[in-house]
Amino acid sequence: MRKLSTVVLIIALSAVFSWAQNLENAGIDYTTALQKKPGAERIAAFETYTKNYPDPAQNVFTKLAYYWLTVDNYNTKQYDKAIRNGEKAVQLGGMEAKLEAGVYLILGSSYGASNNKDKALTWADKAASFAQKHGIGDIAKQANALKNELSGAPRQPAKPLTSLEKIGQLYTAKKYGEAIDMYNSFGQNDKNDEKIFEIYARSMMKAGRMDAALKEFSDAYAKTRKAINAERLGNIYLAKAEKEKKFLDNAINYQIEAGLLYQKEKNSSRQAALLKNAKYWLYEKYNYNAKISKYNASVKPVKPAPSNDKAIKELQYKYDKLDRELQRKYVDIEMPGYEQDKLDAIQAEIDKLKKGGDQPANDPNAALAQELKKEEARIEAEFAALTGEARKKLGL
C-alpha cells in the first residue's frame, strides 16, 4: 500500500543566494564560512577559504569569498584590508550587479576613510554611474551622497518623515502600542492609506488586541470586498482559534473568500495559496492530517506479488518453438486437432500467469486506507460546498 499524501500548508520561503553548481567540498565550505558570525569570525573563515581554494577559475565561490572579506573588513573598520580585498574582487569579476556596485561603494568609502580623496572620488563616481545604469537606486543614492561629502558640497537638509515612515519605524522597532496611538492621531487621509492601515492592523495583532483588529477589518471588509481584507480576517480568526477551536470555521471561510477574491483580482499566486491554506485548515479541523501521519508511520509493508514474467517468457518460447515445428510438419495438409490442443494448452497457461500477475497480495492496510479515503472524500465535498457558498455570497 502506498503512503497517503498529507495536505500541505503553503508557506513563503526566501533565500539570499541560490547556486546550481555542485562543487562538493568547495560549496559546502563556502556555505559553512558564510554562516559564521559577521566580523572577525567570518573574516577568518573566508581567509582560510581563499587559501584552500585559491583558483577562481576552478571555483566560483572564491570570487564571492573576496566580496565577503571586503564587506566584513569594511564593517570592522579595517579599511586597508577592505581595499585590498575589494580590488581583488573587482579584478576577478563575475559578481552580480548589486554586489559589484556595493564593492565600488565600499572602496570609495574606504579610500575616503584612509584620506585618499582622489581614489575615493573615483570609486564613488564609478559606484554611482554603475548603480544608476543597472537600476540599483539605493546604492546610487549612497554613492552620490559620498561624492558630495568628498567634494565638500553642503549636506542637504533632512526631509521630514512621512506618516507612513513614522508609523513604519515604530512597527519595525516593535513599539506596537505607540504605532496604534500614532495611527489614531492621524487625519482621515492618512487613515485611508492602505499601507498605513496595514501597519496599524498588524500592530494591533502583534499587541494582542485581536477583537479591536477584528472590528477594524470587519468594517473595512464591509466597505470594500477586497481579498487582502478577507485574508486579514482569516489570519485573525486563526490566531483566535489557537485558544478556541470554534473560530476555525470563520478562518476557513474567510480564507476561501480571500482566495476567490484574489482570483477576481487576477492574483493567481495568492489565490492558490489561500485556497490551499483553507483546505489545510479544514483537514486540521477533523484531525485528518494527524490521522494520515499516524497511518503512514504504522503502515505495514506489503510483500509484492511474485512476478510471473520469467515463466511467461519461457512458455512463450515453448509455444513459438512448437508452432514452428508444427508449421514445418504440416506444410501441405491440415494440422490435426490434437496438435492444436497442445498449442492451446500452452497459451492457456500463459493467459493464466498473466492474469495472476495482476492480482495484488493480501493487503492488511486496505481497510484503514479505504476508511481514510472515504473521510478524505467527505472533507473534499465539504470544501467544495463551502467554496460554492462563498461564491454565492460574493456574487462570483
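**View 1. The side chain of Thr62 reaches the backbone oxygen of Tyr53 at 2.8 Å.** The model shown in this and the following views is predicted. Thr62 belongs to helix H3, which covers residues 60–75. A second partner of the Thr62 side chain is the side chain of Asn59, with a polar contact of 3.2 Å between the two. When neighbours within four places in sequence are set aside, Thr62 is in contact with Tyr49, Tyr53, Pro54, Asp55 and Pro56. Tyr53 therefore appears both in this list of contacts and as the residue whose backbone oxygen the Thr62 side chain reaches. The relative accessible area of Thr62 is 0%, so this residue counts as buried.

**View 2. Helices H3 and H4 pack at an angle of about 155 degrees.** Helix H4 comprises residues 79–92, and its axis lies 8 Å from that of H3. Because angles over 145 degrees count as roughly antiparallel, H3 and H4 are described as roughly antiparallel to each other. Their crossing is left-handed.

**View 3. Side by side, H3 and H4 meet through residues of both helices.** From H3, the residues in the contact are Lys63, Tyr66, Tyr67, Leu69, Thr70, Asn73 and Tyr74. H4 contributes Tyr79, Lys81, Ala82, Asn85, Gly86, Lys88, Ala89 and Leu92. By residue class, the contact is made up of 8 nonpolar, 4 polar and 3 charged residues.

**View 4. Glu100 sits in helix H5, residues 97–113.** Beyond its neighbours within four places in sequence, Glu100 has contacts with Met95 and Phe130. Glu100 and Tyr67 are 33 residues apart along the chain, and 8.5 Å separates their C-alpha atoms. Tyr67 is also one of the H3 residues that meet H4.

**View 5. The whole chain, for orientation, has 19 helices and 0 strands.** H3, H4 and H5 of the preceding views are among these helices. The chain has 396 residues, of which 36% count as buried; Thr62 of View 1 is a buried residue. Contacts between residues at least 6 apart in sequence include 61% that join residues at least 24 apart.

Key
Residues numbered from 1 in each chain as written. Predicted model: local features only at pLDDT ≥ 70, side-chain atom pairs only at ≥ 80, totals over all residues. Heavy atoms only, no water. Helix = DSSP H or I, 4+ residues; strand = E, 2+ residues; numbered from the N terminus. Buried < 20%, exposed > 50% of the residue type's maximum accessible area, 1.4 Å probe, protein only. Polar contact = N/O pair within 3.5 Å; in protein donor to acceptor, adjacent residues only side chain to side chain. Contact = heavy atoms within 4.5 Å. Axes fitted to C-alpha atoms, helices over the stretch in contact; angles between N-to-C directions. Parallel < 35°, antiparallel > 145°, perpendicular 65-115°, else oblique. Left-handed = near helix turned anticlockwise from the far one by under 90°. Nonpolar A, V, L, I, M, F, W, Y, C, P; charged D, E, K, R; others polar.
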